[in-house]
Amino acid sequence: MSQPSDPRKGYTHFGFEEVPVGDKQKRVGSVFSSVASKYDVMNDLMSMGVHRIWKRFAIDLAGVRAGERVLDVAGGTGDLAREFRKAAGPKGFVALADINAEMLGQGRERLADKGVVDVPLIQANAEKLPFAEGSFDCITIGFGLRNVTDKDAALASMTKALKPGGRLLVLEFSKPLNAGLSKVYDQYSFKLLPLMGRLVANDADSYRYLAESIRMHPDQATLKGMMENAGLSRVQVYNLTGGIVAVHRGYNLG
Ligand SMILES: C[S@@+](CC[C@H](N)C(=O)[O-])C[C@H]1O[C@@H](n2cnc3c(N)ncnc32)[C@H](O)[C@@H]1O
């Protein structure tokens, strides 16, 4: 897997394309504005429902307890925030941040449909979170980090917002551990995903970006190193579905 270009040198990846840093955020914004209304249905279709199991694993690993303060970054339609809201209980606090207004709109509706009305939804860039240092016991980012232009900045910003002892969980597509699985997965992502995108959401390009952005995302070991560089300790990696997805968990131990 080739590694992402260095956004601090002015260039980064948008899928397989090399683009000026200033363009990536806009183009990612167009992808999510375009897919927002079909996001949940496409997630179920593309992963054959398995994204629910991946999310369940991350939620359990987050181990949110009553009274804790939790932030879900790039929270989209609120699947993680909804579960954290239950776990944190009446004395806890759960917020959802996302850069995209359309995704936040979908999130607000989905949460309200499930009777969750006490999760503030905040429009914010993961690279520059608008929270005081040490605000949260737990921060999560689910299938969001690969879309962020400056991933190191986002990891630093999330780490800073953690209380001492707080944990960050990154749930993200990763690198299959086995060459056979990799081959099948490539066929699926580059042939079937754009086709489904075209048939169901009338948008093959966004789903091609999805497949490409997954391939360009740092693999398990690279992301672990990036989290350590951001100041997190005891970073552990949990591979799911043969490494198609991984959860990284690290602690802010100062
Ligand atoms: C694939 S969705 C994941 C949504 C949700 N976490 C889930 O797992 O279903 C990626 C989300 O990341 C958001 N996003 C992209 N770049 C971001 C950034 N720089 N800061 C915050 N959110 C961002 C998008 O708007 C989108 O809602």
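## A walk through the sheet, the cores and the hollows

Start by selecting Gly-142 and Leu-171: Gly-142 stands opposite Leu-171, which belongs to β7. Keep in mind as you click around that this is a predicted model. The two strands you have just landed on, β6 and β7, run parallel and are joined by six bridges.

**Stop 1: the whole sheet**

Now colour the strands. You should find seven of them in an open sheet with mixed pairing, in the order β5-β4-β3-β6-β7-β9-β8. Which strands stand at the edges? They are β5 (121-123) and β8 (233-240); each has a single partner strand, so one side of each has no neighbour in the sheet. Look along the sheet and you can follow its twist, which averages 15 degrees from one strand to the next.

Next, select helix α6, residues 151-160, which packs on the sheet. Helix α6 touches β3 (69-73), β6 (136-142) and β7 (162-173), and its direction makes about 145 degrees with that of β7.

Stay with β7 for a moment. Nine of its 12 residues are buried, so this strand is largely enclosed by the rest of the structure.

Then slide over to the β8 end. Strand β8 runs antiparallel to β9 (residues 245-251), and six bridges join the two. For a pair to display there, take Ser-233 and Tyr-251: Ser-233 stands opposite Tyr-251 in β9.

**Stop 2: the loop between α6 and β7**

Pick Ala-161, which sits in the loop between α6 and β7. Is Ala-161 buried or exposed? Its relative accessible area is 2%, and the cut-off for buried is under 20%, so Ala-161 counts as buried. Show what is around it: leaving out residues up to four places away in sequence, Ala-161 touches Ala-132, Gly-134, Ser-135, Phe-136 and Ile-139. Try a distance label too: Ala-161 and Pro-130 are 31 residues apart along the chain, and their C-alpha atoms are separated by 8.9 Å.

**Stop 3: the cores**

Nonpolar side chains tend to be buried together in soluble globular proteins. Here, the largest nonpolar core has 48 residues, and the members that touch the most others are Met-46, Trp-54, Phe-84, Phe-173 and Val-245. Select Trp-54 and show its contacts. Beyond its neighbours within four places in sequence, Trp-54 is in contact with Ser-47, Phe-143, Leu-171, Phe-173, Leu-240, Thr-241, Ile-244 and Val-245. Apart from this core lies another, of 25 residues, including Phe-136, Val-148, Ala-230 and Leu-232.

**Stop 4: two positive phi values**

Two of the contacts of Trp-54 deserve their own click: Phe-143 and Thr-241. Most residues other than glycine have a negative phi. Phe-143, though, has a positive phi, near 55 degrees, and Thr-241 has one near 50 degrees.

- Phe-143 is in the loop between β6 and α6, and its 11% relative accessibility makes it buried.
- Thr-241 is in the loop between β8 and β9, and its 42% relative accessibility makes it partly exposed.

**Stop 5: a pocket**

Turn on a surface and go to the second largest pocket, with a volume of about 270 Å³. To find it, select His-51, Arg-52, Asp-79, Arg-82 and Lys-114, which are the closest to its centre of the 13 residues that line it. The elements giving two or more residues to this lining are α2 (39-47), α3 (50-62) and α4 (79-88). Which of them supplies the largest share? That is α3, with five residues.

**Stop 6: the cavities**

There are two cavities of 30 Å³ or more, and the largest cavity holds about 70 Å³ of space. Select His-13, Lys-24, Arg-146, Lys-151 and Met-216: out of 12 lining residues, these are the closest to the centre of the largest cavity. Both β1 (11-14) and α8 (204-216) supply at least two residues of that lining.

**Last stop: Ser-189**

Finish in helix α7 (residues 179-201), where you will find Ser-189. At 2% relative accessibility, Ser-189 counts as buried. Not counting residues up to four places away in sequence, Ser-189 touches Pro-194, Ala-211 and Arg-215. For a long distance label, add Phe-131: Ser-189 and Phe-131 are 58 residues apart in sequence and 36 Å apart in space, C-alpha to C-alpha.

Definitions and conventions: Residues numbered from 1 in each chain as written. Predicted model: local features only at pLDDT ≥ 70, side-chain atom pairs only at ≥ 80, totals over all residues. Heavy atoms only, no water. Core = buried A, V, L, I, M, F, W, Y, C linked by side-chain atoms within 4.5 Å. Buried < 20%, exposed > 50% of the residue type's maximum accessible area, 1.4 Å probe, protein only. Contact = heavy atoms within 4.5 Å. Pairing = 2+ DSSP bridges. Helix = DSSP H or I, 4+ residues; strand = E, 2+ residues; numbered from the N terminus. Axes fitted to C-alpha atoms, helices over the stretch in contact; angles between N-to-C directions. 1 Å grid on protein atoms, 1.4 Å probe; cavity = no way out; pocket = protein on both sides within 12 Å on 5 of 7 lines; lining within 4 Å. Points joined across faces, edges and corners; volume = space filled by probe spheres on them.
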